[in-house]
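Visitor: I have a structure to go through before a meeting. Could you walk me through it?
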Amino acid sequence: MIPIHENLPDNHQFKIYGYKTYRNDLPSFLKLKLSFQNYMKSKIEDFLDKPIKDFTLENYHLHLGNHGIDHHKFIGSIGRSIDTDQLDMDYIKSLIQIANLDFDNDFHIYETKIEFRVVRPNNEDNNDLHRDHWFPYFTSLVNIYLPLASSFNDSALGIVPFSHNWSEEEVIPTFTYEESKAGKKYIKNGIAYSVPAIKSCSKDINLHRPDLTEGDFMLFSPKLIHGGGSNGSNHTRFSFEIRLQSSCAK
């Protein structure tokens with residue numbers, strides 16, 4: 001599997017830095033956000049078996065506290081994949097068109113799946129720094145970070161620019177892909193993660209949190225070091241995790 005950035009022109013920002021941010025249509029973004037907010041509200045109501053009021057994505061953590069809901073138990077009960085109806089929303093369609101134009105490609109959503117990520121304020125909900133391409137089937141894909149709520153300079157996804165060019169000898173994971181297939185997990189604060197963390201790195205890791213406002217999204221390489229991003233804000237951060245696959249890839 002060849003990383004897509006290797007086939008881009010040398011002056012392409014994605015090839016140089018390992019990521020690129022984009023602006024998309026704000027009205028269609030707000031429709032997408034509202035749709036997902038209603039989805040999460042309905043899942044909490046189903047979990048409690050009663051209605052809730054004044055729910056927003058940003059105050060998700062307050063509702064959990066007010067109703068005595070265990071976050072990890074709740075997320076485990078509903079899973080992280082969202083309804084496929086949102087795949088057909090205008091924002092997602094235009095996102096793919098923007099990527100196609102900039103990469104001169106014909107992308108589709110990998111496995112027709114969108115997953116959400118949630119990081120509560122001042123909680124260890126985020127996974128540690130890692131590379132997705134440690135799972136080789138991700139190597140030829142393009143990752144998307146689409147923030148829906150509370151992606152600030154103290155809560156956004158953290159990335160390490162230029163690290164997509166670092167070698168395997170320079171960045172060592174806590175366990176291998178083969179060990180992962182055998183069931184090995186990375187344990188953090190009692191939570192098991194299937195993706196390994198960084199065991200050692202011979203390079204200086206300088207974390208960057210891209211400045212993304214509502215309607216923005218980011219494409220980044222699966223070889224780029226990134227992490228869920230601790231949340232130092234007062235609001236819950238929600239984001240979509242999407243992967244794009246070239247229609248020419250096998």
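Guide: Certainly; please bear in mind that this is a predicted model. We may begin with I16, which is partly exposed because its relative accessible area is 33%, between the 20% limit for buried and the 50% limit for exposed.

Visitor: Where does I16 lie?
Guide: I16 belongs to helix 1, residues 13-17. Together with Y17 and F162, I16 forms a nonpolar patch on the surface, and the accessible area of the three together is about 260 Å².

Visitor: Turning to the interior, how many residues has the largest nonpolar core?
Guide: That core has 44 residues. Those with the most contacts inside it include F36, M40, F116 and F238.

Visitor: Which elements give two or more residues to it?
Guide: Four helices and four strands do so: helix 2 (26-48), helix 3 (60-67), helix 4 (71-78) and helix 5 (90-103), with strand 2 (107-119), strand 3 (142-149), strand 9 (216-220) and strand 11 (237-246). Another core, of nine residues, lies apart from this one, and Y145, L212, M218 and L224 are among its members.

Visitor: And M40, what does it touch beyond four places away in sequence?
Guide: M40 touches F55, L57, Y60, F74, I78, F116 and F238.

Visitor: Now helix 5. Which of its residues are buried?
Guide: The buried residues of helix 5 are Y91, I92, S94, L95, I96, A99, N100 and F103.

Visitor: What span should helix 5 have, and how far apart are its end C-alpha atoms?
Guide: Helix 5 has 14 residues, so at 1.5 Å a residue it should span 20 Å; the end C-alpha atoms are 20 Å apart, in agreement.

Visitor: What follows helix 5?
Guide: D104 follows, with a positive phi near 50°.

Definitions and conventions
Residues are numbered from 1 along each chain as its sequence is written. This is a predicted model: local features need pLDDT of at least 70, side-chain atom pairs count only at pLDDT 80 or more; totals for chains, interfaces and linings use all residues. Side-chain values use heavy atoms; hydrogens and water are left out. A nonpolar core is a set of buried Ala, Val, Leu, Ile, Met, Phe, Trp, Tyr and Cys residues joined through side-chain atoms within 4.5 Å. Buried means under 20% relative accessible area, exposed over 50%, partly exposed in between (1.4 Å probe, protein chains only). Contact means heavy atoms within 4.5 Å. The expected span of a helix is 1.5 Å times one less than its number of residues. Patches are made of residues with over 30% relative accessible area and no salt bridge: like charges are joined within 9 Å, nonpolar side chains (Val, Leu, Ile, Met, Phe, Trp, Tyr) within 5 Å. Accessible areas come from the Shrake-Rupley method with a 1.4 Å probe; for residues, only the protein chains shown count as cover. A salt bridge is a side-chain nitrogen of Lys or Arg within 4 Å of a carboxyl oxygen of Asp or Glu.
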